[in-house]
Amino acid sequence: MRQLRGLLPATPVIVHGIPKEAPFSLESIYEAGALAVLHDPVSRPILKAKATFFLEAYANAGARRRTQDALEDARARLESIIGLAEVAAWTLDVQSGSVQADARMLALFGLPAEDAGGAPVDAFFAAIHPDDVPPTRALLAQAIDSGEPYHATFRVRSAGGAWRWVLARGQCERSGAQRLMRGVVVDATMQKQAEERLRASEERYRTLFDAIDSGICVIEMLYDAAGRPNDYRFLEVNRAFARDTGLEDAVGRTMRSLRPEHEQHWFDTFARVAETEEAAHFVNEAAQLDRWYDVYAARVGPPGSRKVVVLSTDITAQRRVDLELRRLNDDLAEQDRRKTEFLATLAHELRNPLAPIRNGLQLLRRAGHDAAAATRVQDIMERQLDHLVHLVDDLLDVARITRGQVELKPAWIELADVLNAAVETSTPLIETNRHRLDVRLPAEPLALYGDATRLTQVVSNLLNNAAKYTPRGGSIVLAAERDGDQALIAVSDNGIGIPADALDDVFTMFTQVSQESQAVPGGLGIGLSLVKSLVELHGGTISAASAGPNLGSVFTVRLPLGAAAPLRPRAADVAAHSAGGLRVLVVDDNRDAAETLAALLAMMGHEAAVANDGHAALRMLAGLRPQVVFLDIGMPGMSGYEVAQAVRRNPDWDGVRLVALTGWGGSADRARTAAAGFDEHLTKPATLVAIESVLGRLPAAASPVERQ
Ligand code: ADP
């Protein structure tokens, strides 16, 4: 029995086969470890009942032990977890208000270790921050009443005096007659600090986000079924965003839902930014928003994130200023160009009258004894001087008007007087060009309050233009009538007309429409701007009309009714002839210039004839057979170049020396005259010395053109 026990300590042993009269006591067998002793003969039912009882009892004891072990194990594990998690545990007896706390809990609340057996709940509340006591008490009471879980966050004064944030959790349960709430407390200071840091960081981010004076948005790209970017959703926007884009309440909405026509390039660009590491910086227009933006876009989040942060600065105003500056710059450049052109023309125009004047002086010196010749020359010089004075006066007027220095000397005047005076002034030019002038004065006297001299200047300027810009033999009409309380003065011609797109410009200073078509030199492009200023100074208006090129022009002046004085008429033409030396033809549309040069040549002993235009010159060549032709370049109808080319094309005129007379003396101008077939190039006004040296350079055998 003893041996068996040693081998199978947990197995119940039943002993049988002991005779009734056994030679040893039964106790010794029980002592050796038997559970039961059965005498022979063994009764089967007794054996079965005993065996069943012992087997069940043993099995139950094993199960109990295993459960016990598992419980022990779980408790140990829980404790070590609680220890590791730094969790404090407590149990509140709801009836008595006494709290059983573990060592960690007592330490956390600064209570002595002796209170482990139980301390009043108020002893724990005494350690809680006064601000947190009422809400915590309320939460506890509510959890006890409702049986719901207790859940509170509060500050506890630690042993060092510092406040620590803790989280408390618990739940009520019934334990026999008692109601207990078991719970834990976790130190949440670290968590709270992290939360606080996060909150501060979030607040900084938000402040910055909203304070930036450029629109910022975070968007999420959206793609169509084919994977093409076709829209984006606003996830976040700052305050400036709505102001800079006009898109209100954009968060959560998509761009296409707000502006369906937003340009595709925006989606493409932002999608590229979302798909690559690269940020984008560019300037572009959002036509749907009617604005221009300077945009910076970068991906937010890891690769594959479809989010993009977009910082856009509205530069619409700045761009407008830029464009305005560029336009002003262009305007200035254009004005500068016109001025430069004007100066070139001015130099040219001033030099034109100088040529006959200089020639005249030289003539006077040589022909001092010939009184008739001297008178003719003086007439020419006087007329040219008048022209010069006129140009300079116009220039001064323009300067004064520009500076607002022109003062009218108004008086009550009769319109007809003004018109007559103007006609008188313009008659010489009109007659020179063989125009017919039809003057239709108003039926009734019309009184104006104005400056007679200035108004005469206005009308004669218009008449002169009509004469200048109408081919020879044209027809000019000056008509005036009353139109309500206005005097209406119209100057019309059947001349070269004005292209529709130039009508508005003719009144702008230094404007000249198509310079080649000018019939008469002498324009500076300031006459009409002067006229307009003078009319406006009188409270009137002026307009130009033309049915188009070569269909004539009409200039209409309207003056408030209520202003006039006559000017002097001018001297007549001069012609000169001479004999001897070379046969010379002088061709110039400026009659005075032509005549004086011819006279000079005559005095030098040459035979000089004059033609006033290219066609006449070509016609005269056959009869005259000149050896030298002085040819003006800038002539109406047929230019000097064209005449020279015609001469050079015809072998009959081989050997004729062609001398160009022009105001332009640059190397390009000389090259051009040479190319057209000229032998010499003289800059106006040509001096006697220059003329002599040109003639001196002619081949000795200057006796040409005898071929036919
Ligand atoms: P300009 O000194 O060149 O004559 P204006 O200011 O008087 O300057 O005239 C400006 C331009 O208007 C002229 O160069 C010419 O092209 C055009 N113009 C003026 N009057 C007429 C007209 N009656 N017929 C055709 N063109 C004209």
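# Exercises on a five-stranded sheet and its helices

In this predicted model, alanine 545 has valine 554, a residue of β20, as its bridge partner.

**Exercise 1.** Starting from that residue pair, determine how many bridges join β19 to β20 and in which relative direction the two strands run.

*Solution.* The pair to begin with is alanine 545 and valine 554, the latter lying in β20. Widening the view to the whole strands, one finds that β19 and β20, the second of which spans residues 553-560, are joined by six bridges and run antiparallel.

**Exercise 2.** Place this strand pair in its sheet by giving the strand order, and state which strands form the edges.

*Solution.* The sheet is open and consists of five strands, which follow one another in the order β15-β17-β18-β20-β19, with mixed pairing. At the edges stand β15, covering residues 436-440, and β19, covering residues 541-546, each of which pairs on one side only. From one strand to the next, the twist averages 15 degrees.

**Exercise 3.** Describe which strands the helices α13 and α14 meet, and how each helix is directed relative to β17.

*Solution.* Take α13 to begin with: this helix, residues 415-432, lies across β15, β17 (475-483) and β18 (486-493), and runs at about 170 degrees to β17. Helix α14, residues 452-468, also packs on the sheet, where it touches β15, β17, β18, β19 and β20, and its direction makes about 145 degrees with that of β17.

**Exercise 4.** Classify the packing of α13 against α14 from the angle between them, and name residues that take part.

*Solution.* The two helices pack at an angle of about 30 degrees, and their axes are 8 Å apart. Because angles under 35 degrees count as roughly parallel, α13 is classed as roughly parallel to α14. The crossing of α13 past α14 is right-handed. Among the residues that meet there are Val418, Ala422, Leu429 and Ile430 in α13, and Leu455, Val459, Leu463 and Ala467 in α14.

**Exercise 5.** Decide whether glutamate 607 is buried, partly exposed or exposed, and relate its position to that of glycine 581.

*Solution.* Glutamate 607 belongs to strand β22, which comprises residues 607-611. Its relative accessibility is 36%, and since buried means under 20% and exposed means over 50%, glutamate 607 counts as partly exposed. As for glycine 581, the separation from glutamate 607 is 26 residues in sequence and 6.5 Å in space, taken from C-alpha to C-alpha.

Methods. Residues numbered from 1 in each chain as written. Predicted model: local features only at pLDDT ≥ 70, side-chain atom pairs only at ≥ 80, totals over all residues. Heavy atoms only, no water. Pairing = 2+ DSSP bridges. Helix = DSSP H or I, 4+ residues; strand = E, 2+ residues; numbered from the N terminus. Axes fitted to C-alpha atoms, helices over the stretch in contact; angles between N-to-C directions. Contact = heavy atoms within 4.5 Å. Buried < 20%, exposed > 50% of the residue type's maximum accessible area, 1.4 Å probe, protein only. Parallel < 35°, antiparallel > 145°, perpendicular 65-115°, else oblique. Left-handed = near helix turned anticlockwise from the far one by under 90°.
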